[in-house]
Amino acid sequence: MSVLMPSAWIATLLAATALLAMLRLARRHRQLGRTRLAMLLLAQPLLAALLYFALFPPRQSVASGTLTVLTAGGSAPAAAGIRIALPEAPIDADAEPMPDLANALRRHPGMSRLQVLGDGLEARDLEAARTLPLAFVATPAPVGLVELQAPTQVAAGNVFAVSGRVAGLPDATVELRDPAGQRVQHARLDAQGRFALQGQARAAGLATFSLRVLARGGRRHEALPLPLRVDAPPSPRLLVMAGAPTPELKYLRRWAIDAGLELRTRISTGGDVSLGEAPVALDAAQLGRVDAVLLDVRSLRALGGGERAALTAAIRDGLGVVLRIDEPLQTADRARLRAWGYALDAGIASESARLPGDPALPALSRRVLRIDGGDAVTLLRDARDRPLATWRTLGRGRVAVLVLDDSYALALGGYASRHADLWSRVLAAVARTRTPAGPLPPEAPLWPDERASACGLGDGARVLAPGGDTVALRVDPATGVRRCAAFWPRTPGWHVLRDGDTTTPFAVLPADAGTALRAQRRRDATHALAARQSLPPDGTGMSRRGPSWPWLAAWLLLATLAWWLERRPIGAGPVPAATIA
């Protein structure tokens, strides 16, 4: 069913009213006379039309008053009309300097369109620009890092991903460096200039990694700090399921206990007998109480249909699962893994493998297995760069496949720390994330003098700047239950959002960091705004609502005339003289 605009409803109502008035007049035609009746009947639709145009006057074409706005990198040697320069624009003798666009529009109220030149509008000016049609003449696209996806918070021991896009440097490489300046990983750009890197947050605290873009020949093009808040996570809750007691399981339990994990086990010994602290039912309630489940092939094979369904549902809800491939896979096993997004072969053969870093490490046994997980990410590799562990997402959870079946040889050979590091990395990559409650810090990246917004705030929240300055936050009532407040950080470095007894650190980047990234964000935001408020380059076709008073005056005059015609006595003649007695 179509929905009429308010003006259409009013037009329909006025037409019906005019028709009813004409019907009422037609009933009195013998009393009014032909001439007076014709005039009154003609007046009814005219009155309805005049009242409609008084309520909704026709739009009128207006001349285009153009305000040329210079932003970063913008110049306008031949621009017509009034020119203003925002603070980040180059110095222009013919442009009037302005602190922001809203101020410029107040100073020049007659403007009917905007022409933006340069890299684009800053965030502070986007809201003011929504009031007028806008044309954007952009500078050449920035060269360097123009897109970035990187976390600002991660749990200690977890692996984190950094990805993005570099423009204008087809032969560039990108490398991730840790807080000590050591290279963690590097990658070449693909055909679209994209890259993906991984790092690991080891100790809790505030850390600053860095992302470097190297042009052809290894010349550093730019470096961007990646501030990372590394939290000490609550002890992970691990459920270990095994088809039989093995040395691998023995040393795995020892590591879990030493690491402070909340450990539960279900180990089958045959004949429907299981070992463990208590019988563990694999249902939704029990799986909701753990963060990760470790399986071997036989325990996966022994799961009933209801248990498999409950485990899959728990993964999609955030649970992490690690499957140790410790024996060849049967056809039914591979079919079950396809439901988790993995296409595996049987993995019949095994081969020797060593962990990278120390040639003296004992050799381990690696299952020869072709793993096709679509978007699977390699978590561990051996010294010959062959994958030992991969993971992929399934809903909100993760599923990892590990092809080592004798990692305990590390502990037996005197390398218990490497054994612990291996399992810490695997578990950290898949375990369910438990985020503590608290205020939400501003979204990164942030730069000085740019608007930032924090949410989930209570009364009395404030921000502590690196220099000791304190900014009190006032919750905007318009944000409702989200309870957000805006502020403008002045200095780079680590800030602290304090709300009651909760403190949440967040970082502000240096003003000269990520130049290409900031320019690309301005371009994208201004292009999006121009697409919604586009107009012809010459400003033709612009209009505004016309005045209502001429239509209202005409309606009032005609209504008065119609009232006089209808109320004038029929056959009225001269008033008779009074008889004097």
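## Cavities inside the model

A search through the whole structure turns up 2 cavities of 30 Å³ or more. Since you're new here, one thing to know early on: this is a predicted model.

How much space lies in the largest cavity? About 50 Å³. Its lining is made up of L238, W255, L294, V322, W423, V426 and L427. Helix α12, which covers residues 416–430, gives the most to that lining, with 3 residues.

## The chain as a whole

Stepping back, the chain has 14 helices and 33 strands. It runs to 581 residues, and 43% of them count as buried.

What about contacts along the chain? Take those with a separation of 6 or more: residues 24 or more positions apart account for 64% of them.

## A buried leucine in β19

Let's look at one residue up close. L323 sits in strand β19, which spans residues 320–324. Is L323 buried or exposed? L323 has a relative accessible area of 0%, and buried means under 20%, so L323 is buried.

Which residues does L323 touch, once you leave aside its neighbours within four places in sequence? The answer is L295, D296, V297, L300, L337, A400, V401 and L402. Take V297 from that list: V297 and L323 are 26 residues apart in sequence, while their C-alpha atoms are 7.1 Å apart in space.

## A five-stranded open sheet

Now for a sheet. This one is open, has 5 strands with parallel pairing, and follows the order β4-β3-β2-β5-β6. At its edges are β4 (96–97) and β6 (134–138), each of which pairs on one side only.

Further in, β2 (residues 66–70) and β5 (residues 113–118) run parallel and are joined by 5 bridges. One residue to look up in β2 is T68, whose bridge partner in β5 is Q115. There's a helix to add to the picture too: α13 (residues 515–532) lies across β5 and β6, and runs at about 145° to β6.

## Helix α3

Last stop: helix α3, made of 22 residues, 34–55. How far apart should its ends be? At 1.5 Å a residue, the helix should span 32 Å, and its end C-alpha atoms are 32 Å apart, so the two agree.

Which residues of α3 are buried? They are R36, L37, L40, A43, Q44, L47, A48, L50 and A54. It helps to keep in mind that an α-helix has 3.6 residues a turn, so residues three or four places apart point the same way.

Notes:
Residues are numbered from 1 along each chain as its sequence is written. This is a predicted model: local features need pLDDT of at least 70, side-chain atom pairs count only at pLDDT 80 or more; totals for chains, interfaces and linings use all residues. Side-chain values use heavy atoms; hydrogens and water are left out. Two strands pair if DSSP finds at least two bridges between them. Helices (H or I, at least four residues) and strands (E, at least two) are DSSP runs, numbered from the N terminus. Contact means heavy atoms within 4.5 Å. Axes are lines fitted to C-alpha atoms, for helices over the stretch in contact, and angles run from 0 to 180 degrees between N-to-C directions. The expected span of a helix is 1.5 Å times one less than its number of residues. Buried means under 20% relative accessible area, exposed over 50%, partly exposed in between (1.4 Å probe, protein chains only). On a 1 Å grid over the protein atoms alone, a cavity is a set of points where a 1.4 Å probe fits but cannot get out, and a pocket is an open set with protein on both sides within 12 Å along at least five of seven lines; lining residues have an atom within 4 Å of a point. Grid points are joined across faces, edges and corners, and a volume is the space filled by probe spheres set on the points.
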